[in-house]
Amino acid sequence: MRVARRKDMATQPASELQERFGERASFDVTERYVYSRDMGEFPALVGKLVGGMAQAVVQAQDEGDLAWLMDFSSRFGIPLTPRAAATSGYGGTVPVRGGVVVDLTRMNRILEVNVGEARVRVQPGVVWWNLEKELRSRGLALRAYPSSAPSSTVGGWVAEGGSGIGAYGYGGVRDVLLGLRVLTPGGASEVYGEDLDLYVGSEGVLGFITEVELAVRPAAPESPSLFSFSGPREVQDFIDALVESYSPGAGIPGFEGRRIEGGAGVFHLQVITPALAALKNRTAERAYLPEGSYLVLVVAEGEDGEGVREELRGLALSAGGEALDEEVAEREWEERLYPMRIKKAGPSLVPAEAEVPTLKVGELLAEASRRLPDLAMEVVVGKGASVCLGFIPCDSRAADFTVRFTASLEFLRLAEKHGGAPYGIGLYFVDRAEQRLGKRRVKRMEEVKREMDPGCLLNPGKILASCAGDARLTGLRLMMAAGSLSLPLAVPLGRLVPGVRLLRRKLPEKVEEAAFTCAQCGYCKEGCTLFAGRGWESASPRGKMQLLRGYARGEVPFSQEMSDTFLLCTTCRKCDLACQTDLPIESIWEEMRGELIARGKFHTFPPFEMMGTSYDLENNIWAGFAADRSSWLPEDVKPLERGPVGYWAGCTASYVEQDIARGAVRILKEGGVDFVYLGNEETCCGVPFLMSGKWDLFEKALRRNVRTLRERGVKTLYASCPGCWVTLAHHYRDWAEKLGLEWDVEVRHISQLAAQLVEEGRLRFEEPLRLKATWHDPCHIGRHGGIYEEPRRVLQAIPGLELVEMEHNREEGLCCGSVLTLIGETRPTSGRIASLRLAEARETGAEAVITTCPCCEFQLRVWNAAEGNELRILDFAAVVAQALGVELEDPDPKVQDAWAVFDTMIQLMTPRGMADFMWEFLDTSLPLMGRLLRLGKRVSLPLKRALFAVSDRAMPPLVPRMLPAMMPWMLPRMMPLMEKRMPTMSDSMRELMPAILPRVMERVMPYMMPRILRCMLEAGE
């Protein structure tokens, strides 16, 4: 059988993949790079030996896709590498022979939960912690799960043959596994009993796992206890005594181990070395663990938690231990899912992992502490065997990383000396597969492999020696063997090697540090708004951090498309809350906006150029007249010219969704709060320019607004727009300090004032509202500002209003996706993100979604109308005003008209949109040139490529020179075409467009014209 080489994928197989999977197939170099890596960090030489760059990535969503891929692989000799969360570090998902990486995370449905029989059936892409939440809602719980449960998948852990939380009471994944459905080259089959051993731990070399059936347990209280011991011998004594009283594996059906009355027993047992305790304290907000001693965490399950605790205290005391405060034990148990927090001490970690007999844990700990004093380790104690997970802080950018990495091999040697084996095999420990899995099992795997996959097309290079004979992989194993032999010298010499950084490209210091501190755990991915809309790893924070590492090392280029991906981050900050290493991810992406856009390396989205020009001309982003900014102000509301309290309306509430501003000033007026309003002197706060990388305009807006507010004497400013709030409250403070400006204004949200006025009895609601509504938390006052309860308290105080919660609320609330995805990737990304939130709102049975963000309201109104939902989208201040007896107009028609214009403009300002417009312009204004240009479509492909190469070089400098002469003639002929496409264009925009358009074209056409020409000549009209 011909096996495809790593670097090529012929046109035919590529076309077939594209036709079958559509947008679920990617050939993009960035995507292929990100999907060709896992959680592990290895020395550069190892990376070069391994290689491994996918030729394509596809996302399978059912068994039919996988069966098609099996046939595709067989016909073309193209390898398939299965990949789920990639949270292991053994290279199991690295495509060493190129081919196709098959992403299984879309196969993520919980198929069946049988409460009576305590079992569950799921697809392989289900994330463990999502499954645990679903089970808990039904009175059940997982028997065992990995410490990476918030991101790792069920299928991935089965393929790894893992052990983790709950291993003492219930064993590893093999012990809780009831059955599998597996798709092999021979077809699909159900697997049970001893046959499961063939696939558990096989890492996908024999087939794809498509369904997993697990035994679960009744949910029960979990009671943690923490004990300290002076040394490894005392730890082993305690483990031995515990095994005698509470046999490991006692929760496994058919196991006759003792559990105390009422079914209570030990669920989890874990040892923490002094070095790990010290690292945990060093990387925590505050130290919480005692240092200098070995700690043992024991978690009992069952109703009689206190009874178990008492017996455990007695056992610990007998072994020379001491019980620690329950509060500390609870804290350590809460930290069980965050083992990588300690990476902050690195920023890198050398991993050292092995499985050893439980009876030998103490001996291994003692010897490891002597040979590897820097090794921080935890031991998950299980039935018969225990898993040691060790880490040595280091810096993978430094020259000494390769030498220090050999410490992991030294630890493995020590483990083997005590009867242990590698915890995982993957790519790196193929020569130790028999130690880990047993000779009989490996032999059987080899037999099945030869029969079903003789070409080694399924995850080649892993587990089985017969499929790892590639010269590079042989070289890798020889290098690791040489490293093992040199260990006695390598470990001490590692301290002498200079820690010089070895990076080929420079990133901002803050960005680089974050990229290499990132644990690659994927916790950020599950909640990432952009990932939810796009579904591709490069959109997630983890993917972007991986790309930044690769870019710094010179392994992958940076493109305009990847710059756009950084720009599309919605700034929702869900990643900040999920990050194990507490990285301020959202602010790091802000730094990247400056690096990529403000410093001129790449371009922002063209609609932001429209906004910037509108701001330059009329101080707002909506192409409205500056003189009309205060036209929304009700006649009976008379703001002060000068005073300590001010109100900030913002652009969108001033020009489009005016009910927001009118409702806000009603709250101020009815609450008896005198306030200053800047009127037509109020300008855009600048947040669109900050987020789009147009930092020159942001600074201009900031300086102007700081000066105006100071002149008016404002010390407390109320904002109704969360985007304005976060900008004025946070970004102005940070930038003012950098620019040497004084900014001492307290910025509060209007909902905070409303809550205060209600509590003080100064706002009374006389009008009952018969309305069932749900509250959408805007990210910019929620996760950025912690403002969650104030708007809820106000709404709950309105008679007749029933407030119901969506599944995700407060800190967990879903982002709506506006503004960046709405502008930068309207379809399908922005629509998908909004649809998720609207679906949650519908599930509550609410009639309306109430929120307080103009951008959220705009986004939700647009997609609510597009979906044809009956939901109403209402503004918080407008609802409060209605409860105060003031009926405000519905802004929805104005929003839809504005969106019709904006949407057309967004599509028009893409290369494809501009190409279509250019054909229309030529046909109406220069028909002869249009006919001549169409002849270019018939030119041969080599000639076209030459033409495009010339245009790429010539147009950027040429277009700026040509435009000033051309625009006076072109504009009068372009405007009728634009008005025809945008019939709902406002009068102000129509009048301002002749001034806006030349400036925008001057900024975007030099770099877009070559792409427009390609669209015109390649794809046609």
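Which helices each supply at least two residues of the lining of the second largest cavity? In this predicted model, the helices that do so are α26 (606–618), α27 (651–655), α29 (687–691), α31 (722–739), α34 (820–824) and α36 (854–867). The largest contribution to the lining of the second largest cavity comes from α36, which gives four residues. The second largest cavity encloses about 560 Å³ of space, and 36 residues line it. Nearest its centre lie Val-687, Pro-688, Ser-818, Val-819 and Cys-855. By class, the lining of the second largest cavity comprises 29 nonpolar and seven polar residues, with no charged residues. In total, the structure holds eight cavities of 30 Å³ or more. Such spaces are found by calculation: rolling a probe the size of a water molecule over the atoms shows where empty space is left.

The overall form of the protein provides the setting for these details. The protein has 42 helices and 25 strands. Its C-alpha trace spans about 85 × 80 × 60 Å along the principal axes. For 1021 residues, a compact globule would be expected to have a radius of gyration near 31 Å, and the value for the protein is 31 Å, so the two agree. Of the 1021 residues in the protein, 62% are buried. Among the contacts with a separation of 6 or more, 78% are between residues 24 or more positions apart.

The second largest pocket was examined next. The second largest pocket has a volume of about 1000 Å³. It is lined by 38 residues, and the closest to its centre are Arg-534, Glu-561, Asp-564, Gly-824 and Glu-825. The lining of the second largest pocket is divided among 13 nonpolar, 14 polar and 11 charged residues.

Two helices illustrate how burial is distributed along a segment. Helix α23 (residues 560–567) is mostly covered, since seven of its eight residues are buried. The buried residues of α23 are Gln-560, Met-562, Ser-563, Asp-564, Thr-565, Phe-566 and Leu-567. Elements that cover these buried residues include α2 (29–34), α21 (529–534), α22 (541–552), α25 (585–598), α29 and α34. Asp-564 thus appears twice in this account, as a buried residue of α23 and as one of the residues closest to the centre of the second largest pocket. Helix α38 (residues 892–908) contains 17 residues, which at 1.5 Å a residue should span 24 Å; its end C-alpha atoms are 24 Å apart, so the expectation is met. The buried residues of α38 are Val-895, Ala-898, Trp-899, Val-901, Phe-902, Asp-903, Met-905, Ile-906 and Leu-908.

Burial is also found in a loop. Tyr-428 is located between α14 (401–417) and α15 (433–437). Its relative accessibility is 7%, and Tyr-428 therefore counts as buried, the cut-off being under 20%. Apart from neighbours within four places in sequence, Tyr-428 contacts Phe-42, Val-46, Val-50, Gly-89, Tyr-90, Gly-91, Leu-476 and Met-480. Between the C-alpha atoms of Tyr-428 and Gly-169, which are 259 residues apart along the chain, the separation is 31 Å.

Several features of the backbone also merit description. Most residues other than glycine have a negative phi, and most peptide bonds are trans. A cis peptide bond joins Gly-346 to Pro-347, with omega of about 15°; Pro-347 lies in the loop between α12 (326–334) and β15 (348–357). The bond from Ser-818 to Val-819 is likewise cis, and its omega is near 5°. Val-819 belongs to the loop between β23 (801–804) and α34. Both Ser-818 and Val-819 are among the residues that lie nearest the centre of the second largest cavity.

Positive phi values occur in Asp-582 and Asn-619, neither of which is a glycine. For Asp-582, phi is near 55°, and the residue lies in the loop between α24 (574–578) and α25. Asp-582 has a relative accessible area of 41% and is therefore partly exposed. For Asn-619, phi is about 70°, and the residue is placed in the loop between α26 and β18 (645–648). Asn-619 counts as buried because its relative accessibility is 18%, and buried means under 20%.

Definitions and conventions:
Residues numbered from 1 in each chain as written. Predicted model: local features only at pLDDT ≥ 70, side-chain atom pairs only at ≥ 80, totals over all residues. Heavy atoms only, no water. Expected span 1.5 Å × (residues − 1). Buried < 20%, exposed > 50% of the residue type's maximum accessible area, 1.4 Å probe, protein only. 1 Å grid on protein atoms, 1.4 Å probe; cavity = no way out; pocket = protein on both sides within 12 Å on 5 of 7 lines; lining within 4 Å. Points joined across faces, edges and corners; volume = space filled by probe spheres on them. Nonpolar A, V, L, I, M, F, W, Y, C, P; charged D, E, K, R; others polar. Contact = heavy atoms within 4.5 Å. Rg over C-alpha atoms; globule rule 2.2 N^0.38 Å.
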